Amino acid sequence: MPLRLNSRGIPAWRGAELDLPPKERAVLTQLIQNSPDPVSKDAIIQHAWMGDRSVSDDSLVRCISQLRKALPDVKIESVYGYGYRLLAARATSADQPLPSANASMAHEQFLHASMLAQQHSAKPLKQAINVFRSIILTAPNFAPAKIGLAKTITTAMAIGLDTHVGASQAEAIEHLEAAAVLVPDSPDLLSAQAWLRDSQWRFREARAMHLEALRLAPDNADALLFYGLHLSGTGNPEEAIGPLRRLLTLRPYSIQIRAILARTLGMVNRYTEAMEEIAIAEEHDHAAVASPALKGVKIMVSVAFEPTQRLAQIAEKLSSSTNIPPYARINLPYVLAQCGLLCKARNLVQERLQSCLPNSPEGILMVKDLVAIGEMEQAAERLLGAFASRFSYLPLFLQSPELAPLLTHPAIAKAYQDMYQEVWQDRERSSMIRHP
């Protein structure tokens, strides 16, 4: 792709830096960093005009018009009621042209798959993976599709859905290695590699790569999301809130991101803020597409602060929903126990244990339920199995407030310490540097 950011972070056309006024350069940089995702008008103004609220839509329209004149071969599309997006391969893509007969279709498919991948539940993730695979078959040198496929597979693994999407870590690694040959300096590639390291529990390498990706592309939406999840998964949910809030300035209508932020706020006992985010997400969910996941997050946040039998009744109705991502999953026995229905919770756990293999993702997620009914030894046994199998979702799962009582179990405390030893060493080293 002839349009990209060079090593100095300046827009360049076929390797030559573009001579643009400051505002046009700032807007183009932001569009390149986020392509093919749309960028909201508010986010553009925040970035290029330093948040000056007096800037009119006319000023932004004129700026976009000047960019279109300066770059007649690049399509900058208006997204009605939202903002703009650059309809080209990502700025970090190789100058490997798509076959002309397939170019338009591949780009449209890529946009479609990217949107599906943002939904973070089993069915759309599986659809996204299949679309990315189809693009790669017809355009094997189209690096964004390879990176997109690897990111989507890793996301499915990291949130406990890898068995539902028919993909493996080996496939993600294969495509990232191929993309590294095509686009070795891509921040998008670097972010995907960091996210993969997280799923492999290689947290020290992951953190360095996340930070470098954000240094190269501070407004890259995926880089912000993956860094926020990295911080949550390494025991820093409070620090994760900043990147997630920044991400929402880029994707203010993303219900999934707002739900993740709400759950993260709940993890650090910021209940009021969490419920505010859920309320905003519910307002944006006009078609009720994400309602089950939103309600799942709402119940799991609410039950820690305001457990009521009414809440338990709502949880029972929603617990059968099948397309809820694990971070929003309703652990019904846990909710029942929190709401004072311990006997009912025990009966339900016993019923589910008979149909759930201990080392399956569903079986490991039942650890929360076992903790809720006081079966600590059985919960510890299952969780140790997840440590032994290096369950990809475990880093995020372990940060759940519902598991806090289990982390003091001697065997779990030892496994937890071994898992995060690198992270704690780095924190101690960082603390010594700041406070000699």
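Modeller: In this predicted model, a residue is called buried if its relative accessible area is under 20%.

Colleague: Why is Ala240 called buried?

Modeller: The relative accessibility of Ala240 is 0%, and the cut-off for buried is under 20%, so Ala240 counts as buried. Ala240 has its place in helix H12, which runs over residues 237-250. Its C-alpha lies 9.4 Å from that of Leu224, although 16 residues separate Ala240 and Leu224 in sequence.

Colleague: What makes you say that helix H11 is largely enclosed by the rest of the structure?

Modeller: Under the cut-off of 20%, 13 of the 13 residues of H11 count as buried, and therefore the helix is described as largely enclosed.

Colleague: How do you know that the end-to-end distance of H11 agrees with the expected span?

Modeller: Helix H11 covers residues 221-233, which is 13 residues, and the expected span is 1.5 Å times one less than the number of residues. That gives 18 Å, and the C-alpha atoms at the two ends are 18 Å apart, so expectation and model agree.

Colleague: What is found at the start of H11, and what just after the helix?

Modeller: At the start, a side-chain oxygen of Asn220 comes within 3.1 Å of the backbone nitrogen of Asp222, and the limit for a polar contact is 3.5 Å. Just after the helix, Gly235 adopts a positive phi of about 80°.

Colleague: Why are S1 and S3 called edge strands?

Modeller: The open sheet to which they belong has three strands in the order S1-S2-S3, with antiparallel pairing. Strand S1 (3-5) and strand S3 (16-17) each have a single partner strand, which means that one side of each is left without a neighbour in the sheet.

Colleague: What makes S2 and S3 a pair?

Modeller: Pairing requires at least two bridges, and strand S2 (residues 11-13) has two bridges to S3, in the antiparallel sense, so the condition is met. In that pair, Ala12 has Glu17 of S3 as its bridge partner.

Colleague: Which strands pair with S6, and how do you know that its two faces are covered?

Modeller: Strand S4 (residues 39-40) pairs with S6 over two antiparallel bridges, and Val39 has Tyr84 as its bridge partner there. Strand S5 (residues 76-79) pairs with S6 over four bridges, again antiparallel, with Glu77 standing opposite Arg85. As for the faces of S6 (residues 83-86), Gly83 and Arg85 on one side are buried, and Tyr84 and Leu86 on the other are buried too, which leaves both faces covered.

Colleague: How many cavities are there, and which elements line the second largest?

Modeller: Searching the whole structure gives five cavities of 30 Å³ or more. The second largest has a volume of about 200 Å³, and of the 17 residues lining this cavity, Ser114, Ala117, Gln118, Lys151 and Asp222 are closest to its centre. Helix H4 (100-117), helix H6 (143-158) and H11 each give two or more residues to the lining, with the largest share, four residues, coming from H6. By class, this lining comprises six nonpolar, six polar and five charged residues.

Colleague: What is the make-up of the lining of the second largest pocket?

Modeller: That pocket, with a volume of about 370 Å³, has six nonpolar, four polar and two charged residues in its lining. Among the lining residues are Asp37, Pro38, Met115, Gln118, Arg251 and Tyr253; Tyr and Pro count as nonpolar, and Asp and Arg as charged.

Technical notes: Residues are numbered from 1 along each chain as its sequence is written. This is a predicted model: local features need pLDDT of at least 70, side-chain atom pairs count only at pLDDT 80 or more; totals for chains, interfaces and linings use all residues. Side-chain values use heavy atoms; hydrogens and water are left out. Buried means under 20% relative accessible area, exposed over 50%, partly exposed in between (1.4 Å probe, protein chains only). A polar contact is a pair of N or O atoms within 3.5 Å; within protein, one must be able to donate a hydrogen and the other to accept it, and residues adjacent in sequence count only if both atoms are side-chain atoms. On a 1 Å grid over the protein atoms alone, a cavity is a set of points where a 1.4 Å probe fits but cannot get out, and a pocket is an open set with protein on both sides within 12 Å along at least five of seven lines; lining residues have an atom within 4 Å of a point. Grid points are joined across faces, edges and corners, and a volume is the space filled by probe spheres set on the points.
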